[in-house]
Structures are given as structure tokens and as C-alpha cells.
Amino acid sequence: MQLHPSITNREFKLLIKPSGLDRRSRITALSEQILAFCKKNKVEFFHLDNATTGLRNIYFFDTPGEDFRLNNIILRVRESRQNVWVDDWCEVTLKCRTHDLEESKKFDPTPKTNVKSRIRLKEEILRGEDIGSKRKIYSNNSIMDSVPIDKVFERKLSSVIKFFPSLSKLPINKKVPLRIVGGSTNKILEACLPLGNLVFGDGVQAHCEIAIWMKSVGDPIIGELAFSYRVNDRNRADSKSHKRADKFFKKLQHELEDWLEIGSTKTALVYGKPE
């Protein structure tokens with residue numbers, strides 16, 4: 001198994017049914033089931049018992065005709081919050097996500113700004129149609145961690161192009177307005193809880209977490225169980241560990257079959273259309 005030299009991250013994702021995900025007891029039960037599964041399959045899992053749950057508001061920008069989605073572009077804003085209070089800075093991510101690696105690489109998401117940013121080319125592994133299967137999509141990301149929230153885009157495409165010049169090359173009318181997908185009040189409340197670290201090899205250790213998306217407190221829409229790790233020069237050729245992660249992902253689906261929701265990604269759920 002060889003990873004493409006451009007891949008910087010591998011992310012394994014499973015959608016979880018929303019029922020009861022606003023109760024800590026359900027998350028504890030899920031976490032303990034994963035822990036027992038790891039012991040049974042001799043995968044080390046450094047479980048976190050007292051991790052803090054992070055809260056964020058999430059929303060997406062697109063044109064009224066969803067030109068971003070039609071061009072495989074996702075523009076997402078994450079606002080961190082402490083209880084009811086929203087921070088003064090937010091995370092802005094622009095990504096091109098497609099089923100073809102070369103296609104995702106064609107789009108350059110590099111921002112033009114003084115704000116510190118990261119570029120990531122992610123291999124995202126999702127379940128296929130059947131339990132115990134997998135399929136891949138690729139996302140070419142730029143992530144800006146600390147954008148002043150008062151300077152998030154004006155509601156027009158030209159304001160976003162100032163940040164991300166490559167958007168100007170897309171076949172989109174530059175005069176169209178931007179809107180929040182689903183309407184101005186369609187901000188998702190995300191609760192994210194780290195579960196621990198999975199060890200697939202000396203240099204391949206994956207951060208495991210569950211993210212719960214809610215319309216409001218007590219109204220979960222979907223959950224996502226994910227584990228991910230960085231790919232670098234030290235572990236890229238460690239095919240044994242990468243294969244072990246893939247095998248774990250398939251077997252975990254059988255273990256958690258009663259928890260799993262049908263679907264592709266959380267973003268697709270917001271749009272109400274396949275990614």
C-alpha cells in the first residue's frame with residue numbers, strides 16, 4: 001500500500017445516528033464499546049476519561065445557485081465559543097473536495113492574507129454502501145485559524161476572492177451575492193469531544209474524537225466518529241501501519257453497526273445533497 005506523496009493527512013469518518021447524542025451517557029457507552037473493541041483486536045487505545053468538550057458554531061457560504069458546491073468548493077466558518085459567548089476570532093477553511101485526487105489538486109486554495117494559514121491535502125476515508133466497506137474522497141484545504149470575526153466576508157463573492165484569489169478562475173459570475181447555506185440563521189452548534197489516541201504503529205497514531213452537530217442545544221442532527229493522523233516523511237512508507245488503520249476502520253463498522261447512520265459527510269447533510 002503506497003500513499004500518494006502529496007497526501008498530508010488521513011481521516012477516517014463514520015456518521016453516527018443522532019438519537020440520544022445530547023446525553024453524555026450515550027457518548028460514554030460508545031466510547032467504552034470502542035475501548036473494548038480495541039482490546040479485543042489488540043489495537044492500543046490511550047483513552048481520555050476527562051477530556052473537555054469544545055463548542056463551536058459552524059456555517060457555510062455559497063451563492064444562491066450553490067456555485068461553490070457545483071464546483072466542488074466548500075467555504076466553512078467555525079466560531080469557537082465558551083458557553084454562550086462567541087470568541088472574537090474564527091477559523092475559516094476553503095477546500096476543494098472531489099472523488100479524484102488530481103482533480104482536487106488542480107485548485108489552489110492558498111489564501112492571500114497576513115493571517116497565519118495551513119495547507120492540507122487530505123485523504124478522507126468513508127464507509128461505502130455496505131457495512132465493512134470504504135471509499136475515498138480527497139480535499140485540498142487551506143485553514144486560517146485566527147480570522148477576526150468582524151472581518152469575515154461581506155456577502156458578495158468579490159470579498160472572498162480577496163482572500164482566495166483562485167476562486168476568480170472558477171466559472172462563477174463575480175457579481176453574485178453570497179449567503180449562508182440554509183439561511184442566515186442556519187448556524188450549526190458543534191460539540192466536539194476527544195476520545196483518545198489509537199496506535200497503529202510507532203509513527204502512526206491517530207487522534208480519535210466524536211463531533212455532534214445540533215440545530216440547538218438538545219436537538220442533535222448527526223454525529224461523526226473520526227480518527228485521523230498526519231502523514232509525513234517518517235511514516236509515509238509504513239504501509240503495514242496504514243493497512244492496519246484501514247482494516248480497523250472496516251472492522252469497527254461491524255462492531256458499531258447499530259450506531260451507524262447512512263450518508264456521506266456532515267457537509268452534504270447541511271446542503272441536503274451528496275458531496
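How many helices and strands does the secondary structure of the protein comprise? In this predicted model, the secondary structure amounts to 6 helices and 11 strands.

The overall dimensions were considered next. The C-alpha trace spans about 55 × 45 × 35 Å along its principal axes. For a chain of 275 residues, a compact globule would be expected to have a radius of gyration near 19 Å; the value for the protein is 19 Å, so the two agree. Of the 275 residues, 51% are buried. Among contacts between residues at least 6 apart in sequence, 67% join residues that are at least 24 apart.

The interior was then examined. The largest nonpolar core contains 41 residues, and those with the most contacts inside it are Leu-198, Phe-200, Phe-227 and Phe-248. Two or more residues of this core are contributed by each of the following elements: strands S1 (9-16), S6 (117-126), S9 (188-201), S10 (204-214) and S11 (220-230), together with helices H1 (24-40) and H5 (239-255). Phe-248 illustrates the packing within the core: when residues up to four places away in sequence are not counted, Phe-248 touches Phe-37, Cys-38 and Val-43, as well as Leu-198, Phe-200 and Phe-227. A second core, separate from the largest one, has 25 residues, including Phe-61, Val-147, Ile-161 and Phe-164.

Finally, the surface and the charges were described. The accessible surface comes to about 13,700 Å², and carbon and sulfur atoms account for 48% of this area. The protein carries 48 positive and 36 negative charges, and the mean positions of these two sets lie 2 Å apart.

Methods. Residues numbered from 1 in each chain as written. Predicted model: local features only at pLDDT ≥ 70, side-chain atom pairs only at ≥ 80, totals over all residues. Heavy atoms only, no water. Core = buried A, V, L, I, M, F, W, Y, C linked by side-chain atoms within 4.5 Å. Buried < 20%, exposed > 50% of the residue type's maximum accessible area, 1.4 Å probe, protein only. Helix = DSSP H or I, 4+ residues; strand = E, 2+ residues; numbered from the N terminus. Contact = heavy atoms within 4.5 Å. Rg over C-alpha atoms; globule rule 2.2 N^0.38 Å. Areas by Shrake-Rupley, 256 points an atom, 1.4 Å probe, with all protein chains shown as cover. Lys, Arg positive; Asp, Glu negative; His and termini not counted. Charge placed at Lys NZ, Arg CZ, Asp CG, Glu CD.
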